[in-house]
Structures are given as structure tokens and as C-alpha cells.
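Please read the paragraphs below with the model open beside them, moving from one helix to its partners and then out to the loops and a strand.

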Amino acid sequence: MCARTSLSASSSTSEIHLDISLVGNDKLDLDGFRAWRPEFADAEFVLENGEYICGWAVEKMSKSMFNVVNPDKICDDYGADTLRLYEMFLGPLEQSKPWDTKGIDGVNRFLKKFWRMFFDGDSLAVSDEEPTNEELKVLHKLIGKEEYDIEHFSFNTTVSAFMIALNDLSALKCCKRAILEPMTILLSPFAPHIAEELWSLLGHEDSVTYASFPVFNPSLAAEESVKYPVSFNGKTRFMVDLPKSMTPAEVEAEIRGMEQTSKWVGDKSIVKIIVVPGRIVNIVIK
């Protein structure tokens with residue numbers, strides 16, 4: 001990515017490429033810019049809330065575009081795992097992608113949050129309790145997702161799935177070895193240094209690279225409920241979660257008895273209810 005700004009003289013406007021080191025989260029370091037381009041020392045900038053926001057374009061890194069990012073500096077500031085994870089998180093490998101420091105911060109926060117799952121303060125706090133079905137569902141959804149994504153080189157969607165899984169496990173206050181140990185193995189191809197450290201803290205003498213990839217169990221990853229959009233004459237009015245095991249007749253009976261259904265039917269009558277299992281409920285009224 002290159003950062004760009006527009007400077008005007010009279011009625012004309014011209015874009016100039018900026019040194020990317022002067023831009024953070026699309027905000028220009030004005031003092032640094034004036035020192036870098038002294039001919040613009042007296043230039044006036046149109047600010048937004050006291051800050052100058054730059055435009056950007058996706059371009060190859062080159063010195064002439066001033067958009068070369070030194071990976072050594074990223075490693076010094078955030079660590080090598082953050083850089084690896086961020087590069088995979090940017091998007092499909094074969095596509096050009098914009099460089100955005102906000103994304104680096106987000107990935108770094110994810111790794112810190114993952115680390116904190118194993119600790120209570122400064123002490124390792126991993127429980128040997130049996131995991132719940134909900135915790136196993138989160139884990140096995142991630143295993144299945146990573147298996148598929150690695151085979152298809154879709155690393156960015158794996159990172160997204162990791163973030164979702166971590167949020168779900170945090171909400172469940174999960175600190176169980178049966179969940180966190182396979183999660184560490186799953187993370188190791190993406191963030192090998194933090195995974196290696198955690199694997200050692202979990203009591204393993206061999207490297208995490210020798211650990212077997214967790215086995216995916218589709219039955220544990222399966223959703224137990226279905227979110228049905230409920231439509232009236234083809235217009236969706238509300239959503240409802242119902243057990244996946246319910247038959248169409250049971251779904252129809254449940255929907256008929258709901259307060260929201262009565263509200264949208266009003267003084268009209270129900271002609272029929274069409275249930276597409278696992279997909280949608282459409283109520284025909286007149």
C-alpha cells in the first residue's frame with residue numbers, strides 16, 4: 001500500500017506519495033511530514049478533528065513510492081508471530097492487499113488474549129476438568145475450518161475463525177486443558193513462537209511441531225439449533241431459534257403460538273404456513 005495526500009495550489013490539486021512511516025492508522029504525522037518535505041513547511045492542511053487523514057492505494061512496495069515496510073521493525077515492535085499472523089490475515093495469498101497498522105494492533109491483541117486464557121494473573125491456571133458440549137463445539141468447528149482452509153490456502157479465514165472461537169471460549173470462561181491444548185496445536189502453524197512457549201508451559205518436553213493435528217468430529221461441531229427467519233407474505237419480520245431436531249409440524253405449531261406471530265397477523269387470518277426445514281418459515285395471510 002502507498003499512503004497519499006492531496007495538496008492544492010490555486011484551483012489545481014495534485015497527489016503526492018508519502019513515506020509510509022509517517023502514517024499511522026491513516027493519520028499523517030504533520031511535523032514529520034514538514035521535516036521530510038521542507039518545501040511544504042508553510043502549507044495549510046485541512047484537518048478532521050485536528051488530524052490529517054490520508055488516502056491510500058494498493059500498490060507494490062517500492063522505494064519510489066515510499067511504501068516499503070521493514071519487517072524487522074514490525075518484529076521489534078510486535079513480535080514475529082504478530083507479523084506472520086497479520087500477513088496471513090490480510091486476505092487471499094494471490095491478491096494484492098493494503099497495509100494497515102490497525103490490523104496489526106488487532107492481531108497483536110488477539111495473541112495477547114489467547115495467552116491470557118492460560119493464566120490467572122502470573123500463574124498458569126489450566127484445569128483438567130472435562131469440557132462441556134458447548135466448549136467442544138467451538139473447538140471442533142475451528143478444527144474443521146482450519147483443515148479446510150489450509151488445504152485451500154485460505155489462511156485469512158482461519159485467523160478470523162480463531163478470533164471468533166477465542167471470543168466464544170472467553171465468554172464460556174474456558175480454561176480447560178482438553179480445549180486449550182488442541183487450540184495451541186491449531187495455532188502453531190500460524191504463530192509458532194507463542195504456541196511453542198505455551199506447549200512447554202503445559203508440561204510437554206517435545207516441540208509442538210511433533211504433536212498430532214486434532215481429529216475433527218463433525219457430530220461435536222454440529223449446531224443444535226436453527227435460526228429461522230419468519231416471513232409474512234414473503235417479507236421477513238423476525239428471527240427465532242428452534243431446536244434442529246424439530247419436525248416441520250412441530251416448527252409450525254411453535255410459530256403459530258408465538259406472540260410475534262399474533263402481532264404480524266393482526267386482524268387477518270393465516271391461510272397456510274410453509275416450513276422449509278432448517279431454512280425458513282413463510283406464513284401466508286390474507
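**An enclosed helix and its surroundings**

Nine of the eleven residues of helix H7 are buried (under 20% relative accessible area with a 1.4 Å probe, protein chains only; exposed means over 50%, and partly exposed lies in between), so H7 is largely enclosed by the rest of the structure. The buried residues are Ile179, Leu180, Glu181, Pro182, Met183, Thr184, Ile185, Leu186 and Leu187. This is a predicted model, in which local features need pLDDT of at least 70 and side-chain atom pairs count only at pLDDT 80 or more, whereas totals for chains, interfaces and linings use all residues. Residues are numbered from 1 along each chain as its sequence is written, and side-chain values use heavy atoms, with hydrogens and water left out.

In the protein as a whole, the secondary structure comes to eleven helices and eleven strands, where helices (H or I, at least four residues) and strands (E, at least two) are DSSP runs numbered from the N terminus. Of the 286 residues in the protein, 37% are buried, and the accessible surface, obtained by the Shrake-Rupley method with a 1.4 Å probe, comes to about 16,700 Å², of which 51% belongs to carbon and sulfur atoms. Among contacts (heavy atoms within 4.5 Å) with a separation of 6 or more, 57% are between residues 24 or more positions apart.

Two packed helices are described by the angle between their axes and the distance between the axes. Here the axes are lines fitted to C-alpha atoms, for helices over the stretch in contact, and the angles run from 0 to 180 degrees between N-to-C directions. Helix H7 (residues 177–187) packs against helix H8 (residues 192–201) at an angle of about 150°, with the axes 8 Å apart. That angle makes H7 roughly antiparallel to H8, given that angles under 35 degrees count as roughly parallel, over 145 as roughly antiparallel, 65 to 115 as roughly perpendicular and the rest as oblique. From H7, Glu181, Thr184, Ile185 and Leu187 meet Ile194, Ala195, Leu198 and Trp199 in H8. By class, this contact has six nonpolar, one polar and one charged residues, where Ala, Val, Leu, Ile, Met, Phe, Trp, Tyr, Cys and Pro count as nonpolar, Asp, Glu, Lys and Arg as charged, and the others, Gly among them, as polar.

A second helix pair is formed by H3 (residues 80–89) and H6 (residues 155–171), which pack at an angle of about 115° with their axes 7 Å apart; H3 and H6 are therefore roughly perpendicular to each other. Leu85, Met88 and Phe89 of H3 make the contact with Phe155, Asn156, Val159, Ser160 and Met163 of H6, a set with six nonpolar, two polar and no charged residues.

The loops deserve a look as well. Lys173, in the loop between H6 and H7, has a positive phi of about 55° although it is not a glycine, and at 72% relative accessibility Lys173 counts as exposed. Asn49, in the loop between helix H1 (30–36) and strand E5 (55–57), is a residue other than glycine with a positive phi, near 55°, and Asn49 counts as exposed at 81% relative accessibility.

Finally, Asp241 lies in strand E9 (residues 235–243) and is partly exposed, with a relative accessible area of 47%. Leaving aside neighbours within four places in sequence, Asp241 is in contact with Ser225, Val226 and Lys227; Asp241 and Val226 are 15 residues apart in sequence and 5.5 Å apart in space, C-alpha to C-alpha.
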